[in-house]
Amino acid sequence: MVAENYLRMEMTSNPDAVGMGRLAVAHFAGSLGFSMAEIEELKVAVSEAVTNAVVHGYPEAIGIIRINLTELEGGLSVEVVDEGVGIADIRRAREPNYSQDPERMGLGFVFMESFTDQLQVQSEPARGTRVLMVKMREEQEKEEAQ
Amino acid sequence: MSVSVQRRRGAVVARIVGDMDLSTADEIRTLLDREIDLGCRHLVLNLGRVSFIDSSGLGVILGRYRRLAAMGGRLVLVGVGDRLLPVLDLSGVLNLLPVRQSESEVVRGG
């Protein structure tokens, strides 16, 4: 039996976690044959998910963020998990310009949604948030369409 | 990440090198705000050597744009390459801010 191809990371929720998440997904996606343009999109999506965990998941304390990257047939899944304060209203949080901070654009979920093929957000107040994104390689999508 | 600042014919040109994300946003914001506090009303952001930008980086740009606009000033982007284009385009920033090919074009004619 061939083991599932995956990468698991666990890190503290400081701002540098954002860059580490990007680096990991770039290498992992590169090894799976994603194009440069697709890797750039994945980097943005992961950056936004980890930023949300750092800024909104743990607004007043340092916590743990887990990133799970898993190879799928023709693509990969990215899971970003925190055990922070959670999101009370996921639907509202996913709307553009939801953020109350004038320095933030409220576009995090918009980027995650636009730059991946599938986005799921699960959250529970005081328990944390789990963001799951799936991205397929473009050449794989073309093959399936034929 | 690093930012170099140069004053050219009444404009302040800020050249940003590296990533614009959560880990660098505060530093870039502080530096640009200092220029605005010192009287800059025409800010040119050269993004030609920015390797990555996400919504944290865009927030810095948009925040400076809003500050300057409220004072009757302006912010112009230069060096928006293919790598940054999808994010800037999707955010709507390109509809809001003027984008120019080169620093000289901005400083000369605006």
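Angles under 35 degrees between helix axes count as roughly parallel, and the exercises below apply this cut-off, among other things, to a predicted model.

**Exercise 1.** Determine how helix α1 (residues 22-37) of chain B and helix α2 (residues 55-70) of chain B are oriented, and which residues make their contact.

*Solution.* Begin with the geometry: the axes of the two helices come within 9 Å and cross at roughly 15°. Next, apply the cut-off of 35 degrees; α1(B) and α2(B) are therefore roughly parallel to each other. The handedness completes the description, since α1(B) passes α2(B) in a right-handed crossing. Finally, list the partners: L22(B), A25(B), I28(B), R29(B), L32(B), D33(B), I36(B) and D37(B) on the side of α1(B) meet S56(B), V60(B), R64(B), R67(B) and L68(B) on the side of α2(B). Sorted by character, the residues of this contact comprise seven nonpolar, one polar and five charged.

**Exercise 2.** Describe the packing of helix α1 (residues 16-31) of chain A against helix α2 (residues 36-57) of chain A.

*Solution.* The axes of these helices lie 8 Å apart, at an angle of about 145°, and the crossing of α1(A) and α2(A) is right-handed. From α1(A) the contact draws on A17(A), V18(A), G21(A), R22(A), V25(A), A26(A), A29(A) and G30(A), while α2(A) supplies I39(A), L42(A), K43(A), V46(A), S47(A), V50(A) and T51(A). By character, the residues of the contact of α1(A) with α2(A) divide into nine nonpolar, four polar and two charged.

**Exercise 3.** Characterise the interface of chain A and chain B by its residues, its buried area and its salt bridges.

*Solution.* Count the residues to start with: chain A and chain B each contribute 23 residues to the contact. Turning to area, about 1,800 Å² is buried between the chains, and carbon and sulfur atoms give 61% of this. Three salt bridges are found across the interface; R22(A), for instance, forms a salt bridge with D19(B), in which the closest N and O atoms are 2.9 Å apart.

**Exercise 4.** State how many salt bridges there are over all chains, and locate the partners of the one between E113(A) and R94(A).

*Solution.* The count over all chains comes to 18 salt bridges. In the pair of E113(A) and R94(A), the closest N and O atoms are 3.0 Å apart. This pair links distant parts of the chain, 19 residues apart, with E113(A) in helix α4 (residues 108-114) of chain A and R94(A) in the loop between α3 (90-93) and α4 of chain A.

Technical notes
Residues are numbered from 1 along each chain as its sequence is written. Chains are lettered from A and ligands numbered from 1 in the order in which they are written. This is a predicted model: local features need pLDDT of at least 70, side-chain atom pairs count only at pLDDT 80 or more; totals for chains, interfaces and linings use all residues. Side-chain values use heavy atoms; hydrogens and water are left out. Axes are lines fitted to C-alpha atoms, for helices over the stretch in contact, and angles run from 0 to 180 degrees between N-to-C directions. Helices (H or I, at least four residues) and strands (E, at least two) are DSSP runs, numbered from the N terminus. Angles under 35 degrees count as roughly parallel, over 145 as roughly antiparallel, 65 to 115 as roughly perpendicular and the rest as oblique. A crossing is left-handed if the near helix is turned anticlockwise from the far one by less than a right angle, and right-handed if clockwise. Contact means heavy atoms within 4.5 Å. Ala, Val, Leu, Ile, Met, Phe, Trp, Tyr, Cys and Pro count as nonpolar, Asp, Glu, Lys and Arg as charged, and the others, Gly among them, as polar. Buried area is the accessible area (1.4 Å probe) that two parts lose on being put together, summed over both. A salt bridge is a side-chain nitrogen of Lys or Arg within 4 Å of a carboxyl oxygen of Asp or Glu.
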